[in-house]
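Reader: Could you take a close look at one part of this structure for me, and then tell me about its surroundings? I'd love one connected account.

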Amino acid sequence: MDATQNQKPAVLLIGGLDPQGCAGMSADIMTVLNHGCHPLSLITGLTEQSAEGLTEFGLVSPAKVKAQFENCQADFDIKAIKIGLIPHLEIAKCIKDILNKFNGPVIFDPVLGSTSGGMTVPEDVKNYIYKEILPLVTVVTPNLPELYALTKPDISVEMGAQLLRQEGVDVCLVKGGHSDNALAIDFVSSTLADFYLYNEKTAVQVRGTGCVMASSLASHLASGQDIRDAMVLAKAYVARGIRLSHKVGPYQLIHHSQQDIALVDFPKLCYQPELIGQTLEFPTCPELGIYPVVESADWVKKLVDEGIKTIQLRVKEADQDLIQQHLQSAMSTVANKPVHFFVNDHWEMAIEAGAYGVHLGQEDLHDANIKQISEAGLRLGVSTHSYWELARALAVNPSYIALGPIYETTSKQMPFSPQGIERLQQWVDLLNGHYPIVAIGGINVERAEQLRKTGVGSVAMITAITKANDYQHVTQQLLAMWQ
Ligand SMILES: Cc1ncc(COP(=O)(O)OP(=O)(O)O)c(N)n1
Ligand SMILES: Cc1nc(C(=O)O)sc1CCOP(=O)(O)O
Ligand SMILES: [Mg+2]
């Protein structure tokens with residue numbers, strides 16, 4: 001077997017040593033270890049600090065940092081680099097050389113001083129960071145004071161992030177924890193999209209949260225997570241750490257743990273600032289059981305006749321009249337029957353027809369008027385395929401959350417690889433008691449039986465029923481299994 005297989009991903013940490021073990025390199029190492037990664041550490045400064053603030057950056061030799069990096073690179077396959085304190089110009093130049101020899105993701109938490117006050121990074125270093133380091137960085141994670149110091153005082157987060165990105169950074173994540181808002185709102189600007197991540201703020205002042213956030217992000221990227229997922233998971237890790245934080249000496253410190261993240265720690269994601277913190281209400285729905293997704297009113301009739309209690313009409317046709325005909329006909333099938341009838345995509349028609357609910361994907365959420373669906377009293381189901389899509393779904397507060405594709409599907413082309421049963425188990429554990437979950441994608445009778453063991457309340461399928469040799473037999477098998 002290749003000796004590099006099954007090795008922990010190595011994360012190179014470049015930053016200052018806080019001898020009190022609360023922030024900087026010590027916090028970074030604890031975080032990286034907790035994410036199942038291996039920390040490599042290059043110390044940029046032997047700081048002197050206390051609860052009163054930072055009094056000394058502490059010189060280290062750039063030549064030694066360079067030599068240490070070369071040893072690390074020779075012996076480890078570095079998967080991500082996280083940079084914190086850059087105290088001196090010579091160290092900044094050395095870091096630039098290191099970054100030029102590295103191809104993977106670079107996370108830069110631009111520590112310019114200590115939150116408790118005292119010394120700050122000299123102007124020449126700040127200028128060098130701006131012009132020479134930022135262009136080599138994948139994600140920069142300033143807090144508000146750092147954003148102001150690097151750009152302009154009191155600049156908006158959107159404009160500030162824009163300025164940093166103009167220097168060549170791929171993603172700018174501005175941490176809003178220092179604002180006096182009741183929510184901890186981070187702004188993310190990236191080539192993929194701009195969005196806000198938010199969760200409830202706790203009253204406690206916890207040390208080292210910025211270091212932990214950036215190290216968590218680096219660890220998730222080193223482990224191969226999508227960059228948006230990595231940001232969501234890192235924010236959840238910090239939120240959980242703050243919620244469980246504890247007193248050490250004069251400080252309140254993050255709790256590091258490998259336990260699963262709880263829903264209360266999971267951030268919400270939205271694209272418009274005016275929607276931050278606005279929670280809509282949708283009627284609840286029960287566990288939905290066997291949930292066929294079908295393309296015609298004819299199939300709705302055939303399956304309701306078989307005893308199906310949840311069904312979705314998913315007509316992928318451009319002809320609006322035809323969709324309307326299918327919908328009207330399906331509505332008369334389900335009228336006065338205990339059937340949970342969902343309409344895919346066409347939310348306005350669903351409201352007009354008085355359907356039980358609507359199912360929307362992430363792109364559909366952009367176009368739909370979610371408030372109108374809520375006001376009309378329809379249930380809402382939302383698709384998710386990743387952690388960041390889950391964060392988006394949580395902001396909408398739907399009636400159920402779907403996860404897919406659990407297995408390879410032939411019914412639809414998607415940029416997502418199969419989630420697998422373990423990922424479904426994570427969704428069930430995270431959302432249990434809060435949102436009903438629907439699993440979809442490549443599910444047949446045998447697989448449905450396996451998935452039931454995760455505790456998922458519903459399985460949705462297209463081909464297993466509509467392409468079956470004997471759809472009635474398959475439907476009866478599924479219904480019998482899910483009782
Ligand atoms: C139950 C259920 N889950 C997921 C989907 C997929 O919805 P969406 O992502 O909007 O894709 P389309 O179905 O519109 O192609 C679904 N329809 N139902
Ligand atoms: C429509 C759809 N949405 C999916 C998602 O993952 O969001 S998977 C899928 C197709 C499901 O069809 P089948 O049961 O034939 O695999
Ligand atoms: Mg859709």
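Author: Happy to! One yardstick first: a residue is called buried when its relative accessible area is under 20%, exposed when that area is over 50%, and partly exposed in between. Please keep in mind that this is a predicted model.

Let's try the yardstick on two asparagines. N336 sits in the loop that runs between α10 (320–334) and β16 (340–344). Its relative accessibility is 85%, so N336 counts as exposed. Its phi is positive, near 60°, although the residue is not a glycine. N397 also has a positive phi without being a glycine, at about 55°. Here the relative accessible area is 17%, so N397 falls into the buried class. N397 belongs to the loop between α14 and β19, and α14 is the part I'd like to look at closely.

How many residues of helix α14 are buried? The helix covers residues 387–396, and ten of its ten residues are buried. Going along the helix, these are Y387, W388, E389, L390, A391, R392, A393, L394, A395 and V396. The list therefore includes E389 and R392 alongside residues such as W388 and L390. Right after the helix comes N397, with the positive phi we have just met.

On the other side of the helix, S386 is found in the loop between β18 (379–384) and α14. With a relative accessibility of 4%, S386 is buried as well. Its side chain reaches into the helix, coming to 3.2 Å from the backbone nitrogen of E389. If we leave aside neighbours within four places in sequence, S386 touches D229, Q419 and W427.

Going on past N397, we come to β19 (400–403), and P405 has its place in the loop between this strand and α15 (420–431). The peptide bond joining G404 and P405 is cis, with omega about -15°.

Now for the wider setting. The chain is divided into domain 1 (3–275) and domain 2 (289–481). The centres of the two domains, taken over C-alpha atoms, are 40 Å apart. Where they meet, 16 residues from domain 1 and 14 residues from domain 2 take part in the contact. Together the domains bury about 1300 Å², and 72% of that area is on carbon and sulfur atoms. On the side of domain 1 that touches domain 2, α8 (227–243) and β13 (268–270) each supply at least two residues. The largest share of that side comes from α8, with four residues. Between the domains there are three residue pairs in polar contact and zero salt bridges.

One last check concerns the cysteines: the structure holds zero disulfides. Why does C37 not form one? Its closest cysteine sulfur, in C72, is 15 Å away, too far for a bond. C37 is buried, at 1% relative accessibility. The sulfur of C94 likewise has its closest cysteine sulfur in C72, and 12 Å is too far for a bond. C94 is buried too, with a relative accessible area of 6%.

Notes
Residues are numbered from 1 along each chain as its sequence is written. Chains are lettered from A and ligands numbered from 1 in the order in which they are written. This is a predicted model: local features need pLDDT of at least 70, side-chain atom pairs count only at pLDDT 80 or more; totals for chains, interfaces and linings use all residues. Side-chain values use heavy atoms; hydrogens and water are left out. A disulfide is a pair of cysteine sulfur atoms within 2.5 Å. Buried means under 20% relative accessible area, exposed over 50%, partly exposed in between (1.4 Å probe, protein chains only). Domain bounds come from an automatic or database domain assignment. Contact means heavy atoms within 4.5 Å. Buried area is the accessible area (1.4 Å probe) that two parts lose on being put together, summed over both. A salt bridge is a side-chain nitrogen of Lys or Arg within 4 Å of a carboxyl oxygen of Asp or Glu. A polar contact is a pair of N or O atoms within 3.5 Å; within protein, one must be able to donate a hydrogen and the other to accept it, and residues adjacent in sequence count only if both atoms are side-chain atoms.
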